[in-house]
Amino acid sequence: MDSPPFDVVIAGCGPTGATLAAELRLHDVRVLVLEQDTEPASFVRIVGLHVRSLELMAMRDLLDRLLEHGRQRPAGGFFAAIPKPAPPDLDSAHAYLLGIPQPVVVRLLEDHAVALGAQVRHGAAVVDFEQDDDGVTVELAGGERLRTRYLVGCDGGRSTVRKLSGIGFPGEPSRTETLMGEMAATAPPAKIAAKVREVGETHRPFWLRPFGEGVYSVVVPADGVGDRATPPTLDDFRQQLRAVAGTDFGVHSPRWLSRFGDATRLAERYRAGRVLLAGDAAHIHPPTGGQGLNLGVQDAFNLGWKLAARIRGWAPGTLLDTYEAERRPVAEAVLDNTRAQMELTSPEPGPQAVRRLLTELMDFAEVNRHLIGKITAIDIRYDFGPGPDLLGRRLRDIDVKQGRLYDRLHRGRGLLLDRTERLGTGAWSDRVDHLPDPAAALDVPAVLLRPDGHVAWIGDDQRDLDDHLARWFGSPLR
Ligand SMILES: Cc1cc2nc3c(=O)[nH]c(=O)nc-3n(C[C@H](O)[C@H](O)[C@H](O)COP(=O)(O)OP(=O)(O)OC[C@H]3O[C@@H](n4cnc5c(N)ncnc54)[C@H](O)[C@@H]3O)c2cc1C
């Protein structure tokens, strides 16, 4: 049989699909992204990129481009919107939040993927597929059929790929609806702050959080406002603010308006044969804490090099399965923390008492650090077996010879950072770089980093290193 024209077809060019396309292109995989929308999204929802995503963007030389379009804000105050600053010693060179319009993130990621050689087709909706032992035949609206070796559904919470693959999506349906947007307000800031404090005692979710220059992030319950199918209007916000606070604060000039529910669901599996899921297609949850886009982009960084390894033919047997084994528990934990945050935003006396208690507890640096570690995803430790605490965690960006560690990861290859100067990547040098540097700011002799920046090995013994190179990077070159 002829080889399919594509190695990977990705359904959906949102943040997850665009990131995955770029990650695959770093390894010369033939990628086609099919996006149903013809035009970029018209809404300009501002999303927060958290520390780990910023680190990943730095690892691929994309951070400066994002910084040009976003606004840096302090990293704290995100867990259930409890206004506590982040601990001062957050373990990252990028310890802030970047507020940036989601369509800008998508455009930059798509441009990056295209610059690396990915094909992106807009106005191309996936409506069906069939898989066999050799590949997947993907059908588009209009009847066109395409052949590929793998199909990845990055097509959002209502994923067609997930539904067609028969993968269940169990969880809780939406119980409450909320309006969220950014707009200017004419009421004096002190009056707004006082009213928000007063109303916030009994109504949640509710806030007007100042962004400067008279602009506020506004969140108010959506009870009784139309339905999900119709985008909310400024008048809907005014009406809800008056109902809850007795005033609409003179809101005007909206930058973006949206509405969301608190449905929380997780795909039973992330893979069915040659079909995989990533991003919202695999997990949905309320946006409390601003984690969904971050989670999807991080799925893509985990999956990209593993799927590329499978396609290039050097993936060790179970490498692709580690995608679900590593990422599904991370999504499960995010779902849980959003469930907890939603409880803490309930106006009922019990949850409010727990919220007050947690607010007190966050004055303990350890508690604050624990919660911010969850939201920013810098606390993730994959289970790579027994070993020091660093094993399985991401390594922060540190000073190395002639620059920064993350600058050495732009090409999406593995990296041996070696203070001993006597180790080597030998027969794996086509996929793993070697950086001998006795002065690296590292308190272990050497680490092997995967392309996603997680520590896959720590030590100083070449034979042990070779075993781990084979475990993660397959058979050596002949
Ligand atoms: C109010 C609100 C605020 C939020 N704030 C944040 C935040 O601060 N931080 C954060 O991390 N996340 C936030 N999120 C969540 C974030 O927007 C999502 O998690 C993110 O968009 C998921 O990205 P994705 O690429 O997986 O899916 P999507 O963004 O949904 O992209 C899926 C793409 O697939 C396309 N598609 C769908 N079906 C098909 C098909 N059959 N064929 C081809 N293409 C298809 C769609 O057109 C779309 O372009 C927020 C969400 C809401 C609602």
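Which element gives the largest share of the lining of the second largest pocket? Hold that thought for a second, because I should say up front that we're looking at a predicted model. Okay, the answer is H6, with 6 residues.

Let's stay with that pocket. Its volume comes out at about 720 Å³. There are 25 residues in the lining, and the ones nearest the centre are Ala81, Pro83, Val196, Arg204 and Arg355. If you want to find it by secondary structure, look for helix H6 at 189-200, strand E12 at 207-212 and helix H10 at 349-361; those are the elements that put two or more residues into the lining. As for chemistry, the lining splits into 14 nonpolar, 5 polar and 6 charged residues. And for anyone setting up a grid there, note that domain 1 and domain 2 each supply at least three of the lining residues.

Right, domains. The assignment for the chain has domain 1 as 6-171 plus 265-344, domain 2 as 177-261, and domain 3 as 399-473. So much for domain 2 and the pocket; what about domain 1 and domain 3? Taken over C-alpha atoms, their centres are 26 Å apart. Across that pair, 18 residues of domain 1 are in contact with 16 residues of domain 3.

That leads to the packing inside. A bit of background: nonpolar side chains in soluble globular proteins tend to be buried together. Here, the largest nonpolar core has 115 residues, and Leu307 and Leu417 have the most contacts inside it. The top contributor to this core is helix H8, residues 292-312, with 11 residues. The core also takes at least three residues from each of domain 1 and domain 3.

Zoom in on Leu307 for a moment. Leaving out residues up to four places away in sequence, Leu307 touches Val8, Leu24, Tyr150, Val152, Leu276 and Leu320. There's also a second, separate core, this one of 21 residues, with Ile192, Val199, Leu234 and Phe249 among them.

Now, Leu24 on that contact list takes us to helix H1, where Leu24 is one of the buried residues. How many of the residues of H1 are buried? It's 11 of the 11, so this helix, residues 15-25, is largely enclosed by the rest of the structure. The buried set includes residues with charged side chains too, namely Glu23 and Arg25. What do they pack against? The buried residues of H1 sit against strand E1 (6-11), strand E2 (31-35), helix H4 (102-115), strand E9 (145-153) and H8.

Back to H8, then, where you'll find Asn294. Is Asn294 buried or exposed? Its relative accessibility is 4%, so Asn294 counts as buried. Outside its own stretch of sequence, meaning beyond four places away, Asn294 touches Gly48, Leu49, His50 and Ser53.

Leu49 is worth a look from the other side. Leu49 belongs to strand E3, residues 46-49, and with 1% relative accessibility it counts as buried. Skipping neighbours within four places, Leu49 is in contact with Leu54, Leu66, Tyr96, Leu97, Leu98, Ile100, Leu293 and Asn294. If you like C-alpha distances, Leu49 and Gln102 are 53 residues apart along the chain and 9.7 Å apart in space.

Last stop is a pair of aspartates. Asp418 is in strand E21, residues 414-418. At 0% relative accessibility, under the 20% cut-off, Asp418 counts as buried. Its contacts, again without neighbours within four places, are Leu423, His434, Leu435, Pro436, Asp437, Pro438, Pro445 and Ala446. C-alpha to C-alpha, Asp418 is 9.4 Å from Gly459, with their positions 41 residues apart in sequence.

And Asp437, from that contact list? Asp437 is in the loop between strand E22 (432-436) and strand E23 (446-449). Asp437 is also buried, with a relative accessible area of 3%. Not counting residues up to four places away, Asp437 touches Val400, Lys401, Leu417, Asp418, Arg419 and Glu421. Leu417 there is one of the two residues I named for the most contacts inside the largest core. For Arg419, the C-alpha separation from Asp437 is 4.9 Å, and the two are 18 residues apart along the chain.

That's my tour; happy to rotate the model for anyone.

Conventions: Residues are numbered from 1 along each chain as its sequence is written. This is a predicted model: local features need pLDDT of at least 70, side-chain atom pairs count only at pLDDT 80 or more; totals for chains, interfaces and linings use all residues. Side-chain values use heavy atoms; hydrogens and water are left out. On a 1 Å grid over the protein atoms alone, a cavity is a set of points where a 1.4 Å probe fits but cannot get out, and a pocket is an open set with protein on both sides within 12 Å along at least five of seven lines; lining residues have an atom within 4 Å of a point. Grid points are joined across faces, edges and corners, and a volume is the space filled by probe spheres set on the points. Helices (H or I, at least four residues) and strands (E, at least two) are DSSP runs, numbered from the N terminus. Ala, Val, Leu, Ile, Met, Phe, Trp, Tyr, Cys and Pro count as nonpolar, Asp, Glu, Lys and Arg as charged, and the others, Gly among them, as polar. Domain bounds come from an automatic or database domain assignment. A nonpolar core is a set of buried Ala, Val, Leu, Ile, Met, Phe, Trp, Tyr and Cys residues joined through side-chain atoms within 4.5 Å. Buried means under 20% relative accessible area, exposed over 50%, partly exposed in between (1.4 Å probe, protein chains only). Contact means heavy atoms within 4.5 Å.
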